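Let's take a walk through a protein together. Have the viewer open and follow along as we go.

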Amino acid sequence: MSDAASPLKKSKAAGGWGALRSCGKHLLASGSALAGAKAMLSANQPDGFDCPGCAWGDPEHGSSFEFCENGVKAVAWEATEKRAAPTFFARHTVTELRGWTDYDLENVGRLTQPMRYDPASNRFIAVGWYQAFAEIGRELNALSSPDEAEFYTSGRASNEAAFLYQLFARAFGTNNFPDCSNMCHEASGIGLIQSIGIGKGTVELEDFELADAIFVIGQNPATNHPRMLGDLRRAAQRGAKVVALNPVRERGLERFADPQDKIEMLRGGSRPVASHYAQPKLGGDMAAIRGMAKIVFARDAADRAEGGPGLLDDAFIAEHTTGLEAWRAEVEAAGWDAIEDQSGLDRAEIEALAEIYLGAERVIATWAMGVTQHKHSVATVREIANLLLLRGHIGRPGAGLCPVRGHSNVQGDRTVGINENPPAWLLDNLDREFGIAVPRAPGHNVVAAIKAMAEGRSKAFIGLGGNFARATPDTALVTEALRRCRLTVQIATKPNLGHMAVGEVAYLLPCLGRTEIDRNAAGKSQIVTVEDSMSMVHGSGGINKPASPHLKSEVAIIAGMAEATLGKSLGWAAMAEDHDLIRDRIARVIPGFEDFNVRVRQPRGFRLRNAAAERVWETPSGRAEFSAAPLPLEIEHQAARRRSGEFVLQTFRSHDQYNTTIYGLDDRYRGVYGERRVVFMHPDDIAAIGAAPNARVDVVGTHEDGRSRVAEDFRLVAYDIPRGCVAGYYPELNAVVPFSRAGEQSDTPLSKSTPVTFRPREAA
Ligand SMILES: Nc1nc2c(c(=O)[nH]1)N[C@H]1C(S)=C(S)[C@@H](COP(=O)(O)OP(=O)(O)OC[C@H]3O[C@@H](n4cnc5c(=O)[nH]c(N)nc54)[C@H](O)[C@@H]3O)O[C@H]1N2
Ligand SMILES: Nc1nc2c(c(=O)[nH]1)N[C@H]1C(S)=C(S)[C@@H](COP(=O)(O)OP(=O)(O)OC[C@H]3O[C@@H](n4cnc5c(=O)[nH]c(N)nc54)[C@H](O)[C@@H]3O)O[C@H]1N2
Ligand SMILES: [Mo]
């Protein structure tokens, strides 16, 4: 790769003073530096709130607060003194607000009162809670079937809110639970359940202190999981190999200066994180890992031929697994040409990766969206599991699988029942506990919900947080689909662009944030709980004064809607008053939550049992199952090359955003400042389309379904990225991602492999 294309050579390490300066800026910009600083001090502390940033685990020892730029931004965003009060909505029509940017709209501040859309004036007008609940109940009951309603969940919702929400929807009569998880780690859950019997990672935070090799696949922790970077860095410091697989050279993965380390900060130092960096092409990880397996099998055979014991964990394979031979046959059938072309890595590079794997006694594999948002993501997740199973790297200290979750409670929401395809035991337990008969038929995920609303089959949309219109693909189509609805209800802390896609009857219901004190009528403050990527469940209680006296907790809002829709019989009001009552119900419905109310008050909470981590495999065979999927015949970058002029686009996050929330316009580690409409491209590809670096282009989606998809006016940035692959930011580029292209089995939109071409902008 030519040096000219890499901004990394010149720029400094990730983290460090840049991170501190950036945090100071965000706390000040939020207009409440003091409250922000105070809030930060109790984030991820035993008696404070769980950080609303990411789902990385919290350390057991060292109660000192872990500094995280990401967390500071998330807290400052919520603790702002700015308000989106009724006077703001009186000044602007909804049509006008639709023309605002994501950034400007959220920047108005916190919602203060329930708002109802008034079609006559085309504005949101304040209403009382009682009136809002009553009308929502009437509208839901007027649907011809409960299956005409969609209940969307974003992963920040607490276990208590999510449990009550699924109870509400199921008691109402539907399993329609489109969930941010459908766009996120769905493939991890599905693949891991098939392979090891549980859809969650098997490692604990402590395992990172013992691992000899950590493969970080399709993940950008410097931006998205900064506290994970600390663990990676400590591992690298004690000599473990940290291997990055990422088409883009992400600076934070290469070098990192730790804001926790005062001496390093003073010296302006930084240390390498990744000892090895491989740049596969988009979607090429399955082939890369298959190549590694090919080498492992060959080296194993050679060792045995020489009378050695072989390199596989024979005892583990014999006692704990099934299906090895079928997979081995697939691996042997895959030719090196196909492996090299698909992965974009040459054989020598793959050999080097295999040697690191073979040289390590304890191996961890972590991954995120670079693995899960592709067509063959489930097969890829299973290929990762296969590789670890070969040498028994699951269920022992310092080794294991680690899908790194996104939203701070996305894993917990699933655990407590947000699932459009629920297991029978969950439904049986709900029926028994509440004396109801919940529906059995599977409901809608995100893609199915979009389709149903677009076709007019679904008529009501309830959003528990999140930003459905902006987070989903095909922005224009989804915005239209929401506007076709009879009822839209958005439960949120701040207004966002998606909220302006109003149905005929539309509500914006303001809730307390996680940093705020939630007091019940009797004055007793309530806590909620969340589950992190390591299956640790812990309590979270706010410490800040609520942004407005009119706010209700998410739990209270769900209870209010449920009672207005279904009547009082399930005891909604009591559960809203006292969250312990919800936890008692969870304890009786969801396995693993016995004594919930006692255990959640232990300092670090408790860990949900993970059978696979104990080498108990809850699969049909009772063993860990090797998968034997053939390599795909062709993946997107190969197809794009065949149709010359086409590229495969991945949409990722800048350093200054949290999903659809834009904190600022800089992407410090990638050297982009003051703008977001950029496309990262190999310099030779820029030349190949007849453009010059920094030229402005329109990005055109090439999916052929008769719909035109264009995102206008982007700057081409020469970058260290494989040829044929380009990258740019979400949510802006969701305009060109078709919702109908989705992952096999996972049905996850292909946010990391969308075929596009480029069209020069006319010079102004
Ligand atoms: N600050 C901040 N923190 C966040 C979020 C945020 O938006 N901002 N979002 C949260 C959420 S919901 C989530 S899910 C996580 C997301 O965390 P990440 O998965 O780190 O998120 P992305 O920015 O989408 O980055 C994907 C990475 O995978 C690489 N990649 C893309 N395609 C491929 C591929 O085919 N193969 C390989 N090997 N790599 C590939 C990209 O180059 C990029 O480095 O972060 C969570 N934390
Ligand atoms: N093209 C492309 N699309 C993607 C992705 C991608 O990588 N590329 N990533 C996907 C992924 S991994 C995910 S997880 C989804 C995210 O999809 P969502 O979870 O729907 O989106 P967010 O941007 O996280 O939601 C932000 C909104 O949540 C609300 N909010 C914030 N805090 C709270 C709170 O405490 N309570 C409530 N009720 N509301 C709150 C605010 O109004 C804010 O505007 O996007 C997906 N979409
Ligand atoms: Mo996510």
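Which residues are buried in H9? Please keep in mind that you are looking at a predicted model. In this helix, the buried residues are Glu186, Ala187, Ser188, Gly189, Gly191, Leu192, Ser195 and Ile196. Here a residue counts as buried when its relative accessible area is under 20%. H9 covers residues 186-196, and eight of its 11 residues meet that cut-off, so the helix is largely enclosed by the rest of the structure.

What covers the buried residues of H9? The cover includes three helices that you can pick out in the viewer: H19 (369-372), H20 (377-390) and H21 (410-415). Strands contribute as well, among them S13 (363-367), S14 (400-403) and S21 (624-625). If you trace the backbone just past the end of H9, you come to Gly197, which takes a positive phi of about 85 degrees.

Now let's move to a strand. S25 runs over residues 678-681, and both of its faces are covered. On one side sit Val678 and Phe680, on the other Val679 and Met681, and all of these residues are buried.

Which strands pair with S25? One is S27 (residues 709-718), which runs parallel to S25 and is joined to it by four bridges. Another is S28 (residues 725-729), which pairs with S25 in the antiparallel sense over two bridges. Val679 is a good residue to click on here: its bridge partner in S27 is Leu716, and its bridge partner in S28 is Gly728.

With those two places in mind, zoom out to the whole chain. Its secondary structure comes to 31 helices and 29 strands. The radius of gyration is 25 Å, close to the 27 Å that the globule rule gives for 764 residues, so the chain is as compact as a globular protein of that length. Along its principal axes, the C-alpha trace spans about 80 × 65 × 55 Å.

How much of the chain is buried? Of the 764 residues, 63% count as buried. Contacts tell you about the fold too: among those with a separation of 6 or more, 78% are between residues 24 or more positions apart.

Finally, turn to the surface and the charges. The chain exposes about 26,800 Å², and carbon and sulfur atoms supply 53% of that area. It carries 86 positive and 95 negative charges, and the mean positions of the two sets are 4 Å apart.

Methods
Residues numbered from 1 in each chain as written. Chains lettered and ligands numbered in written order. Predicted model: local features only at pLDDT ≥ 70, side-chain atom pairs only at ≥ 80, totals over all residues. Heavy atoms only, no water. Rg over C-alpha atoms; globule rule 2.2 N^0.38 Å. Buried < 20%, exposed > 50% of the residue type's maximum accessible area, 1.4 Å probe, protein only. Contact = heavy atoms within 4.5 Å. Areas by Shrake-Rupley, 256 points an atom, 1.4 Å probe, with all protein chains shown as cover. Lys, Arg positive; Asp, Glu negative; His and termini not counted. Charge placed at Lys NZ, Arg CZ, Asp CG, Glu CD. Pairing = 2+ DSSP bridges.
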